[in-house]
Amino acid sequence: MSRTVIYPGSFDPVTIGHYEVIKRASKMFDKLLVGVLVNQSKKPTFTISERMELLREVTADLENVEIVGFEGLLAEYCKENNINAIVKGLRAMSDFEYEFQMAITNRKLNPNLETIFIPADSEAMYLSSSMVREVASMGGDISNFVPNCIHDKIVKRFQK
Ligand code: PNS
């Protein structure tokens with residue numbers, strides 16, 4: 001049986017921490033969808049299509065990875081597309097409560113849907129998109145935080 005899973009998130013923008021999770025998950029499953037979704041508690045800097053474009057560049061050499069974007073419920077999307085597992089990266093313990101709450105809610109909405117947690121690489125433990133945005137917006141060096149191939153695009157975006 002071919003196994004497709006989804007790695008959902010805001011990816012505003014994608015960081016090396018996200019990329020690390022994508023690479024590792026892409027080796028574990030037949031197909032990995034990376035879902036750029038709306039988090040209602042965040043006000044995004046990049047549009048969904050900008051975030052998708054950055055992710056496409058970053059994952060260009062990963063053959064079994066596809067970037068998708070949608071505005072509805074993740075649990076519904078999974079039901080409609082026969083996806084039975086969500087992959088999430090876990091950084092510090094501080095992520096855990098929020099991630100656990102989402103995992104349980106998603107399973108209540110769609111009882112076939114499991115969430116699989118992948119521990120973050122130690123390098124990415126304290127990295128977040130909001131840190132990248134803050135440093136970039138103040139002209140700081142983000143080269144250790146985002147994949148090389150999209151570095152200049154992100155820097156430019158904050159110079160607008
Ligand atoms: O990277 P984030 O912001 O922590 O990711 C959160 C995200 C986008 C995965 C979450 O907000 C989400 O699943 N949004 C889609 C709408 C939805 O299904 N909400 C219920 C979540 S239990």
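Helices and strands here are DSSP runs, numbered from the N terminus. The model is predicted.

**Exercise 1. Find which elements line the largest pocket, and describe the lining by class.**

Step 1. Start with the space itself: the largest pocket holds about 1200 Å³. Its lining counts 47 residues, and those closest to the centre are S10, N39, K88, Y98 and M102.

Step 2. Assign the lining to elements. At least two residues each come from β1, α1 (16-28), α2 (48-58), β4 (85-90), α4, β5 (114-119) and α5 (129-137). The largest share belongs to α4, with eight residues.

Step 3. Sort the lining by class. There are 21 nonpolar, 17 polar and nine charged residues.

**Exercise 2. Locate the ligand and describe the shell of residues around it.**

Step 1. Place the ligand: it sits in the largest pocket. Two elements give two or more residues to the shell around the ligand, namely β1 (4-9) and α4 (96-109).

Step 2. Count the shell. The ligand is surrounded by 15 residues, and the closest are S10, V38, N39, K42 and L74. A residue belongs to this count if one of its heavy atoms lies within 4 Å of the ligand.

Step 3. Find the main contributor. Helix α4 provides four residues, the largest share of the shell.

Step 4. Sort the shell by class. Seven of its residues are nonpolar, six are polar and two are charged.

**Exercise 3. Identify side chains that make polar contacts with oxygen atoms of the ligand, then state how much of the ligand is buried.**

Step 1. Set the cut-off: a polar contact is a pair of N or O atoms within 3.5 Å.

Step 2. Check S10. A polar atom of the S10 side chain is 2.5 Å from a ligand oxygen.

Step 3. Check N39. An N or O atom in the side chain of N39 lies 2.8 Å from an oxygen atom of the ligand.

Step 4. Check K42. Here the distance between a side-chain N or O atom and an oxygen atom of the ligand is 2.7 Å.

Step 5. Turn to burial. The ligand taken alone exposes 540 Å², of which the protein buries 83%.

**Exercise 4. Examine the backbone of the loop between β1 and α1 at F11 and P13.**

Step 1. Recall the usual case: most residues other than glycine have a negative phi, and most peptide bonds are trans.

Step 2. Look at F11. This residue is in the loop between β1 and α1. The phi of F11 is near 50°, a positive value in a residue other than glycine.

Step 3. Look at P13. The loop between β1 and α1 also contains P13. The peptide bond from D12 to P13 is cis, and its omega is near 5°.

Technical notes:
Residues are numbered from 1 along each chain as its sequence is written. This is a predicted model: local features need pLDDT of at least 70, side-chain atom pairs count only at pLDDT 80 or more; totals for chains, interfaces and linings use all residues. Side-chain values use heavy atoms; hydrogens and water are left out. A polar contact is a pair of N or O atoms within 3.5 Å; within protein, one must be able to donate a hydrogen and the other to accept it, and residues adjacent in sequence count only if both atoms are side-chain atoms. Accessible areas come from the Shrake-Rupley method with a 1.4 Å probe; for residues, only the protein chains shown count as cover. On a 1 Å grid over the protein atoms alone, a cavity is a set of points where a 1.4 Å probe fits but cannot get out, and a pocket is an open set with protein on both sides within 12 Å along at least five of seven lines; lining residues have an atom within 4 Å of a point. A molecule sits in a cavity or pocket if more than half of its atoms lie within 2 Å of its grid points. Ala, Val, Leu, Ile, Met, Phe, Trp, Tyr, Cys and Pro count as nonpolar, Asp, Glu, Lys and Arg as charged, and the others, Gly among them, as polar. Grid points are joined across faces, edges and corners, and a volume is the space filled by probe spheres set on the points.
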